[in-house]
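Have your viewer ready and a cartoon view switched on. We will move through the model one selection at a time, pausing at each stop to see what is there.

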Amino acid sequence: MTTATIRTRRSTGRVPWPLILIEGGEKSGKSWAAAQLSASERVGQTYWIDLGEGAADEYGAIHGARYLVVEHDGTWASILGQVRAIHEEAARAAQAGEPPVVLVIDSMTAEWDLLKDWATARARGSQSNQRRLQQDPHAEIQVTFNLWNDATARHRRLMTLLMTFAGIVVMTARGKEVAA
């Protein structure tokens, strides 16, 4: 009988970096709160990734706001590449003992919409959906599980970067009231 060795260590007591989701309706103050955070003397450089909201420039007028708008071309590769670069910068700043880097993603709702559109576009190109569309140009497109799995894998790659970010991540998401 083989017995596994138990490997342990003492807990460090360190609090993990915050990963914050600000959810609310349109014009409820989500982006405003993120811009206000950038004005804090307790944080280092703030990077703002604007995904479909268009508010990054507008909120720069808030007194004290100090963030850099991250440029991307709207493609998944461009967005993920920028997040990776900021992830590396946050690790460098943390290692150097500098104030924490802040990453704002405004909004994660738009990120998921981008992934949904990507999966739907891929589904439109499938042979079965092409046949369906030839018979009826308004037919419902069937997005198969493998395409949803691919979209979810992309989202997970982004979330893994955000969860391992050596700084503060603030994500916004549009919410709405729903009835149960």
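Start inside this predicted model by selecting Ile49, Ile86, Leu103 and Leu162. Of the 31 residues in the largest nonpolar core, these four touch the most other members. Next, colour the elements that give two or more residues to this core: strands S2 (46-50), S4 (102-106) and S5 (168-174), together with helices H2 (76-95), H3 (108-124) and H5 (145-163). Which element provides the largest share of this core? It is H2, with seven residues.

Keep Ile49 selected and show its surroundings. Setting aside neighbours within four places in sequence, Ile49 is in contact with Val70, His72, Val83, Ile86, Leu103, Val104, Ile105 and Asp106. Apart from the core you have just coloured lies another one, of 14 residues; Val43, Trp48, Ile62 and Tyr67 are among them.

**Along strand S2**

Now select S2 by itself. Is this strand mostly covered or mostly open? It is mostly covered, with five of its five residues buried. Turn on the side chains to see how they alternate: Thr46, Trp48 and Asp50 point one way, while Tyr47 and Ile49 point the other way, and all are buried.

Add the partner strands. S2 runs parallel to strand S3 (residues 67-69), and three bridges join them. S2 also runs parallel to S4, this time with five bridges. Thr46 is a handy landmark here: it stands opposite Tyr67 in S3 and opposite Val102 in S4.

**A cis bond and a buried charge**

Move on to Asp106 and Ser107 and zoom in on the backbone. The peptide bond from Asp106 to Ser107 is cis, with omega near 20 degrees. Ser107 belongs to the loop between S4 and H3.

From there, step into helix H3 and select Glu111. Does this charged residue have its partner close by or far off? Glu111 is buried yet has no salt bridge, and the nearest side chain of opposite charge, Arg154, is 9.1 Å away. A salt bridge needs a nitrogen-to-oxygen distance within 4 Å. Show what does surround Glu111: beyond its neighbours within four places in sequence, the residues in contact with it are Leu51, Trp76, His155 and Leu158.

**Out to the loop between S1 and H1**

Next, select Lys27, in the loop between strand S1 (19-24) and helix H1 (30-38). Its phi is near 65 degrees, a positive value in a residue other than glycine. Lys27 is exposed, with a relative accessible area of 70%.

Select Glu26 as well, and add Arg174. These two form a salt bridge, with the closest N and O atoms 3.8 Å apart. The pair links distant parts of the chain: Glu26 sits in the loop between S1 and H1, Arg174 is in strand S5, and they are 148 residues apart. Glu26 counts as exposed at 56% relative accessibility, and Arg174 counts as partly exposed at 40%.

**A small network of charges**

Side chains of opposite charge can pair when their charged atoms come close. For another example, select Glu89 and Arg92, whose side chains meet in a salt bridge (2.8 Å, N to O). Being three residues apart in helix H2, Glu89 and Arg92 are separated by about one helical turn. Now add Glu98, which forms a salt bridge with Arg92, the closest N and O atoms being 2.9 Å apart. Salt bridges that share partners join Glu89, Arg92 and Glu98 into one network. Each counts as partly exposed: Glu89 at 25% relative accessibility, Arg92 at 39% and Glu98 at 38%. A search of the whole structure finds five salt bridges.

**Zoom out**

Finally, clear the selections and view the whole chain. How many helices and strands does it have? There are five helices and five strands, following the pattern β-α-β-β-α-β-α-α-α-β along the sequence. The radius of gyration is 20 Å, well over the 16 Å that the globule rule gives for 180 residues, so the chain is more spread out than a compact globule. Along the principal axes, the C-alpha atoms fill a box of roughly 70 × 60 × 35 Å. Of the 180 residues, 36% count as buried. Among contacts between residues at least 6 apart in sequence, 70% join residues at least 24 apart.

Technical notes. Residues are numbered from 1 along each chain as its sequence is written. This is a predicted model: local features need pLDDT of at least 70, side-chain atom pairs count only at pLDDT 80 or more; totals for chains, interfaces and linings use all residues. Side-chain values use heavy atoms; hydrogens and water are left out. A nonpolar core is a set of buried Ala, Val, Leu, Ile, Met, Phe, Trp, Tyr and Cys residues joined through side-chain atoms within 4.5 Å. Buried means under 20% relative accessible area, exposed over 50%, partly exposed in between (1.4 Å probe, protein chains only). Helices (H or I, at least four residues) and strands (E, at least two) are DSSP runs, numbered from the N terminus. Contact means heavy atoms within 4.5 Å. Lys and Arg count as positive and Asp and Glu as negative; His and the chain ends are not counted. Two strands pair if DSSP finds at least two bridges between them. The radius of gyration is taken over C-alpha atoms; the globule rule is 2.2 Å times the number of residues to the power 0.38.
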